[in-house]
Amino acid sequence: MTVHTPAKPDDLENKARSSYFGLPGLDVSVGFPQATPASVFPPCTSDYYHFDDLLTPEELAIRKKVRECMEKEVAPIMAKYWEKAEFPFHIVPKLGGLHIAGGTIKGYGCPGLSIIGSAISTAEVARVDASCSTFILVHSSLAMLTIALCGSEEQKQKYLPSLAKFDTVACWALTEPDYGSDASALKTSATKVEGGWILEGQKRWIGNSTFADLLVIFARNTSTNQINGYIAKKNAPGLSARKMENKIGLRIVQNGDIILKKVFVPDNDRLPGVNSFQDTNKVLAVSRVMVAWQPIGISMGVYDICHRYLKERKQFGAPLAAFQINQQKLVQMLGNVQAMFLVGWRLCKLYESGKMTPGHASLGKSWITARARETVALGRELLGGNGILSDFLVAKVCSASQF
């Protein structure tokens with residue numbers, strides 16, 4: 001009887017390969033010349049009901065400025081960085097030049113935008129890249145907003161100007177390994193000592209954490225058992241953050257696990273306005289308005305990509321746009337974008353007038369996200385096999401954690 005010895009892994013690895021094995025992939029324009037990839041972003045075609053008429057000249061100018069930057073500077077590189085799961089640090093100065101970080105915050109070098117102006121800028125960033133918009137939302141609508149709403153005057157003067165220019169970057173650390181939606185039950189502790197506080201605990205899923213200069217950290221005061229807020233600095237003794245690997249969504253965002261081992265935070269870096277979880281909720285309620293505009297922007301981008309693709313891609317002797325089943329899906333996507341925009345716009349107006357409740361913000365975010373999921377799923381269907389390529393945008397947002 002002949003006994004066949006199984007091939008060893010090394011033998012398989014060293015087996016002779018074809019002469020073309022390991023060659024880099026073709027550029028998508030060569031491999032698939034029938035459609036333009038998202039690196040050349042299409043013109044916006046999703047404003048079917050002329051919602052631009054609802055915007056002020058200042059808000060229109062913000063939209064134009066952000067759109068041009070994202071299409072010119074960001075769109076050409078994002079597929080490459082998404083594939084590598086790395087962050088494109090060289091674009092941060094370009095984002096700083098847009099002067100949108102800090103959103104509605106007035107003074108301290110912040111732009112003092114209208115709530116709709118800030119929302120529009122969020123949507124325009126997300127239209128081209130969801131990861132890039134998440135980076136800005138964490139920095140601006142969570143960390144900066146917390147300092148603006150809950151910080152001392154000294155802290156605002158000290159930190160906000162450099163954050164507004166992206167000279168420094170911030171993260172916002174609330175979520176823990178054991179507590180996500182049940183965030184008020186967090187276990188990270190803050191113990192009072194002479195001159196400051198000692199933080200002990202662990203945070204998880206914290207965007208920007210591996211490279212942030214400032215870390216806004218929420219911890220339970222061991223004396224009062226209430227949630228307090230603190231500003232920690234990168235490289236503080238006992239503090240470390242490690243990148244979470246193997247994500248399939250928002251791959252450019254550097255989510256991290258933060259470990260806090262007897263990290264000292266001085267008294268002047270405790271946020272005086274965070275004395276319970278209710279204070280944290282105030283920040284979350286406002287940030288939900290901006291977060292609601294992220295899926296609006298994503299859906300705009302998916303629609304724009306599909307609209308162009310269906311006109312360029314031909315099968316059975318005609319563009320895909322000629323087939324009614326595709327037209328029906330595209331119409332559903334366009335209708336979703338129109339409705340999402342109106343709900344987002346109304347949410348901003350309620351906030352502006354002081355009438356917005358946490359319920360308004362939560363319902364708006366929930367409903368808009370549901371419509372965005374449907375829109376992205378339809379886009380995936382319309383792109384067929386190309387829907388799994390990040391070159392055509394949809395694959396990147398199909399796997400985004402928000403959806």
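In which helix do E68 and K64 both lie, and how many residues apart are they? In this predicted model, both residues belong to helix α3, which covers residues 57–74. Four residues separate E68 from K64, about one turn of the helix. The two side chains form a salt bridge in which the closest N and O atoms are 2.8 Å apart. E68 has a relative accessible area of 43% and is therefore partly exposed, since that class lies between the limits of 20% and 50%. K64, at 52% relative accessibility, counts as exposed because the value is over 50%.

The pair in helix α3 belongs to a count of 20 salt bridges. K282 and D279 form a salt bridge with a closest N to O separation of 3.3 Å. These residues are in helix α9 (residues 277–312), and because they are three residues apart, about one helical turn separates them. The accessibilities of the two partners fall in separate classes: K282 is exposed at 53% relative accessibility, whereas D279 is buried at 11%. D279 is assigned to the buried class because its relative accessible area is under 20%.

A further salt bridge joins the side chains of D178 and K187, with an N to O distance of 3.1 Å. Both D178 and K187 are exposed. Salt bridges also link D52, R63, R67 and E124 into a network.

Two domain annotations come from the UniProt record, each in an unreviewed entry. The record lists residues 171–263 as "Acyl-CoA oxidase/dehydrogenase middle". Over this span the chain is 51% strand and 0% helix, and the end C-alpha atoms are 17 Å apart. Residues 281–396 are listed by UniProt as "Acyl-CoA dehydrogenase/oxidase C-terminal". For residues 281–396 the helix content is 78% and the strand content 3%, with 30 Å between the end C-alpha atoms.

S133 is located in helix α7, which runs over residues 130–150. Its relative accessibility is 3%, so S133 counts as buried. The side chain of S133 makes a polar contact of 2.6 Å with the side chain of Q294. When neighbours within four places in sequence are left aside, the residues in contact with S133 are T122, V125, A126 and Q294. Q294 thus appears both in the polar contact and in the list of contacts of S133.

On the surface, V343, L363 and W367 make a nonpolar patch of about 260 Å². W367 is found in helix α11, which spans residues 358–383. At 30% relative accessibility, W367 counts as partly exposed, because this value lies between the limits of 20% and 50%.

E83 is placed in helix α4 (residues 78–84). With a relative accessibility of 54%, E83 counts as exposed, because the cut-off for that class is over 50%. E83 and G207 are 124 residues apart along the chain, and their C-alpha atoms are separated by 18 Å.

Terms used: Residues numbered from 1 in each chain as written. Predicted model: local features only at pLDDT ≥ 70, side-chain atom pairs only at ≥ 80, totals over all residues. Heavy atoms only, no water. UniProt positions renumbered as here; feature names shortened; annotations may be inferred. Buried < 20%, exposed > 50% of the residue type's maximum accessible area, 1.4 Å probe, protein only. Polar contact = N/O pair within 3.5 Å; in protein donor to acceptor, adjacent residues only side chain to side chain. Contact = heavy atoms within 4.5 Å. Patch = residues over 30% accessible without salt bridge, like charges linked within 9 Å, V, L, I, M, F, W, Y side chains within 5 Å. Areas by Shrake-Rupley, 256 points an atom, 1.4 Å probe, with all protein chains shown as cover. Salt bridge = Lys/Arg side-chain N within 4 Å of Asp/Glu carboxyl O.
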